Amino acid sequence: MSSKTNPGRFFEDYKVGQVIRHAVPRTLGQGERALYHALYPARGALYSSDAFAASCGLHGAPLDDLIAFHTVFGKTVPDVSLNAVANLGYAEGRWLAPVWPGDTLASTSEVIGLKQNSNGKTGVVWVRTTGRNQHGTDVLSYVRWVMVRKRDAAAPAPETVVPQLSDAVAPGDLVIPKGLYFTGYDFELAGEPHRLGDYRPGEVIHHVDGVTIEEAEHMLATRLWQNTAKVHFDATHRPDGKRLIYGGHVISLARALSFNGLANAQMIVGLNAGAHANPCFAGDTVRAWSEVLDTAKTSAPGVGAIRLRLVATKGDGEGLKDGAGKYLPHVLLDLDYWALMPV
Amino acid sequence: MSSKTNPGRFFEDYKVGQVIRHAVPRTLGQGERALYHALYPARGALYSSDAFAASCGLHGAPLDDLIAFHTVFGKTVPDVSLNAVANLGYAEGRWLAPVWPGDTLASTSEVIGLKQNSNGKTGVVWVRTTGRNQHGTDVLSYVRWVMVRKRDAAAPAPETVVPQLSDAVAPGDLVIPKGLYFTGYDFELAGEPHRLGDYRPGEVIHHVDGVTIEEAEHMLATRLWQNTAKVHFDATHRPDGKRLIYGGHVISLARALSFNGLANAQMIVGLNAGAHANPCFAGDTVRAWSEVLDTAKTSAPGVGAIRLRLVATKGDGEGLKDGAGKYLPHVLLDLDYWALMPV
Amino acid sequence: MSSKTNPGRFFEDYKVGQVIRHAVPRTLGQGERALYHALYPARGALYSSDAFAASCGLHGAPLDDLIAFHTVFGKTVPDVSLNAVANLGYAEGRWLAPVWPGDTLASTSEVIGLKQNSNGKTGVVWVRTTGRNQHGTDVLSYVRWVMVRKRDAAAPAPETVVPQLSDAVAPGDLVIPKGLYFTGYDFELAGEPHRLGDYRPGEVIHHVDGVTIEEAEHMLATRLWQNTAKVHFDATHRPDGKRLIYGGHVISLARALSFNGLANAQMIVGLNAGAHANPCFAGDTVRAWSEVLDTAKTSAPGVGAIRLRLVATKGDGEGLKDGAGKYLPHVLLDLDYWALMPV
């Protein structure tokens, strides 16, 4: 039997400072844009219309920021999370340049932290992943940490290194796409009249719509991002034949649903934190609500930033966490991000 | 709780003469073309092949006429049919210019009629919707009327205005795409030898094939057109978990099935009337038949027009209407349209 | 009732030497590429990245070789296999030029063999099919033979002509895309370190991953290739409502799964033989293994050829054939092909 297939890395294969160059660069184009619109109820005007994007100072509509995220993330799966038990968190995510149709993205990850768990069977790995385009320009950077199995429980524990991570990206560190302005912003065409000044921290917006997920949909999406984790595709992993849905599918679904109430929260520029609170399966009906966490100015004309908590849920449960701080079973996603909005 | 989400318009929110500029312009491209071919068994040569379209005088293959229709229609949903009880009819539809990959479409609707129903709880709204490209050229115009809920049954009825609508677009009013000719038309490559002169009014063509619809397919399609009506996506609306399929999905499916027998009915240029006779659900096997209603000359070389009734059915029922003129339960769609065909 | 629909050809409609020009040329583009990535877990770097393809001497990433195959094949269905009982085999397949986004493909088939079966009800038809682009350049040629129903069992049998077919394409007959070189090949970006010299005839590679197929997925794919065979789409053909999955869907799925262990088996250039051993249905979990059959040099810098047997299976069965040489029931596909790999 050949041993040429990739078994994935185990906890003891990671060293702090190690840089992993992930395989299979990917050219993204109009096809991926169209598929994004078929897979998610996305309606953000800046991504839907070249003409609208041009009216905001861009030379055309960039690809959705989450297309960049999923593509960069997908490349890391064979090296980072093939033997992962859990995707624990995100931090310090920043979108650094728009991705245009025709761009080719590749990813690298640097191991920035390691901590073996007390059971000796697993450990936590922190990586800082960077996506780069064909011109060598960084387009996205974020920290992710995952729990990974050890190959051999008897292997010695590495020195514990836990990185210091910001609770949130500071507004001054957000990168505004070159040339962007919202001074001539057409609120009617964008779909809602609400500008940054209309939102107050603490305000909660229920996004009304629900979408019931089918197996075919999340598999099409997850393959599109070349994310190869078996659990998303192979029904024989579970007795009920359901496949575990890629957490990023829920992020995109919830973000698209949030159009209704946040139509002007256009470009995502920062990812402060994120938790996949509970697994999502085909047949679940996903709904979303957002809470305004903060607002900030930026240096670009007419462009402000809004910090949002985006929560995706399934079924009819209410609330977020129980008394012990544990996510309630109907909560799928708790995401904390910055988006750009006309002031 | 925030009140920023869009509850949709109710009957009393419409005034005759009101013009609604619909949100979210959309750039359409090669991705939408490919998806159209994945979602429907479309084989019309003019839309499938740039080379074939060039042999008919066009600079390349336009996007399918129904891509234009669905996109223009989809934009109207949040403003026209979010609180609609029923989609009652279409009239005076004309395709005014081809849509090319890269074009951006936006829609506006003018309210041209209002009539409160005798129950006082609903009313009928007539709108004339126009789709326009990024150059300001109209690409499509049609009248649609829907039954809409009143917010408040006690609100006074508006003055009744019922627009005068043509039974059919007159052949002389059909717009032929600039440069189109069928004088060198390759019938073998197009798939069938039948030209306009081979069809006679009254002739009925059973299109042989059947397609069983899956939930994932109609949801992908409906999202692609940014049609956000909840009933298409949220399984919790019905006890059986089925979602009501967007009527336009059935139109595209039936039109694609009609290739077998009408391969040379190329471009759709007129929509005379249309009824979504019964709801369609995932699991239904859709079949189609056409009846030739009329034929006409046009001013373009070798180009004639054929008026067709396109009927989509599910299951095995026969016939169209019962003795009282009501559609039989197996009938999904009854569409009356003009297409261009080589003479 | 109109007789304009296509009933398909029957056995007695074929004559040796007859050339059939298949209908509906098709322009392929970035949308088809994106859909291919959504439908199959394809990760070959040469098809995923314009930049990677450029580093191998091409001006950009061609469309996947199997997109060309499915498109050329799909056009033949209405003329060759609409009344086919079984798809019996492939031989002498050669990819003759890459297909680039924007290319338009058309197909022709020449009947090269006929043999009536002893039951008098069916016969075997051999055709050599050629796919050609808009410049008149052949891009693909292969022989396929199918068992086709007779319209009339009493019709006289034609003279039996069984073509002489090669067991395999000779390495010297493989066509290497113009300009291709693998001298600067980046194995890390491609995903695996294994070069041609690391593979030995007889080596077997189990590709680890499994994919459970949904109805929506195979129908989207099959429609995309404009393959209209009823059995793939119409659930009323079988009491269990399942549709027979297009054999080419299994080919693409198995080829994509084979990335894990054969990431550097880049371009497919030869199809030596192929059998669809058992039918595949939605719900089946497809896995794949490959056996190295041969390796060869080519004239292009750094480019070798590897001959592979690719076997797709469903469920957990082991082995390929029973004692009588019949495929075991878990075997879906047994394909013999040549791919190009860095030496």
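Colleague: How many salt bridges are there between chain A and chain B?
Modeller: Keep in mind that this is a predicted model. The rule asks for a Lys or Arg side-chain nitrogen within 4 Å of an Asp or Glu carboxyl oxygen. Between chain A and chain B, the count is seven.

Colleague: Which residue of chain A forms a salt bridge with B:Lys4?
Modeller: The closest N and O atoms of this pair are 2.5 Å apart. The cut-off is 4 Å. The partner of B:Lys4 is A:Glu203.

Colleague: Which element gives the largest share of the side of chain A that touches chain B?
Modeller: Chain A and chain B have 22 residue pairs in polar contact, both residues at pLDDT 80 or more. On the chain A side, one element supplies seven residues, the largest share. That element is α1(A).

Colleague: By class, how many residues of the side of chain A that touches chain B are charged?
Modeller: α1(A) gives seven residues to this side. Across the side, 20 residues are nonpolar and 14 are polar. The charged residues number 11.

Colleague: What area do chain A and chain B bury between them?
Modeller: The contact joins 45 residues of chain A to 33 residues of chain B. Carbon and sulfur atoms carry 57% of the buried area. The total between the two chains is about 3300 Å².

Colleague: Which residues in chain A lose the most area to chain B?
Modeller: Chain A and chain B bury about 3300 Å² between them. Three residues together make up 18% of what the chain A side buries. They are A:Ala38, A:Arg43 and A:Leu189.

Colleague: Now chain C. Which residues in chain A lose the most area to chain C?
Modeller: This contact takes 33 residues from chain A and 45 residues from chain C. The two chains bury about 3200 Å², with 57% on carbon and sulfur atoms. Three residues give 24% of what the chain A side buries: A:Lys4, A:Arg21 and A:Arg223.

Colleague: Which residue forms a salt bridge with C:Glu217?
Modeller: There are seven salt bridges between chain A and chain C. In one of them, the closest N and O atoms are 2.6 Å apart. There C:Glu217 pairs with A:Arg223.

Colleague: Which element gives the most to the side of chain A that touches chain C?
Modeller: The interface has 22 residue pairs in polar contact, both residues at pLDDT 80 or more. In chain A, β2 (26-27), α1 (30-39) and α6 (215-224) each give two or more residues to this side. With six residues, the one that gives the most is α6(A).

Colleague: What separates the centres of domain 1 of chain A and domain 2 of chain A?
Modeller: Domain 1 covers 8-28 + 63-165, and domain 2 covers 194-343. Their centres are taken over C-alpha atoms. The separation is 21 Å.

Colleague: Which residues in domain 1 of chain A lose the most area to domain 2 of chain A?
Modeller: In chain A, 23 residues of domain 1 are in contact with 21 residues of domain 2. The area buried between these domains is about 1900 Å². Three residues together give 32% of what the domain 1 side buries: A:His70, A:Tyr90 and A:Trp95.

Colleague: Which element gives the largest share of the side of domain 1 of chain A that touches domain 2 of chain A?
Modeller: The rule finds zero salt bridges between these domains, but there are 10 residue pairs in polar contact, both at pLDDT 80 or more. α4 (65-81) and β3 (84-95) of chain A each supply at least two residues of the domain 1 side. The largest share is 11 residues, from α4(A).

Colleague: Which residue of chain A has the C-alpha nearest the axis?
Modeller: A turn of 120 degrees with a shift of 0.0 Å along the axis lays chain A on chain C, with an RMSD of 0.0 Å. That is the relation of a three-fold axis. At 2.3 Å from this axis, the nearest C-alpha in chain A is that of A:Gly31.

Colleague: Why do chain A and chain C meet through different surfaces?
Modeller: The test is whether interface residues of chain A are also interface residues in chain C. Few are, so the copies meet through different surfaces. The shared part is only 15%.

Methods
Residues numbered from 1 in each chain as written. Chains lettered and ligands numbered in written order. Predicted model: local features only at pLDDT ≥ 70, side-chain atom pairs only at ≥ 80, totals over all residues. Heavy atoms only, no water. Contact = heavy atoms within 4.5 Å. Buried area = accessible area lost by both parts, 1.4 Å probe. Polar contact = N/O pair within 3.5 Å; in protein donor to acceptor, adjacent residues only side chain to side chain. Helix = DSSP H or I, 4+ residues; strand = E, 2+ residues; numbered from the N terminus. Nonpolar A, V, L, I, M, F, W, Y, C, P; charged D, E, K, R; others polar. Domains from an automatic or database assignment. Least-squares fit on C-alpha atoms with pLDDT ≥ 70 in both.
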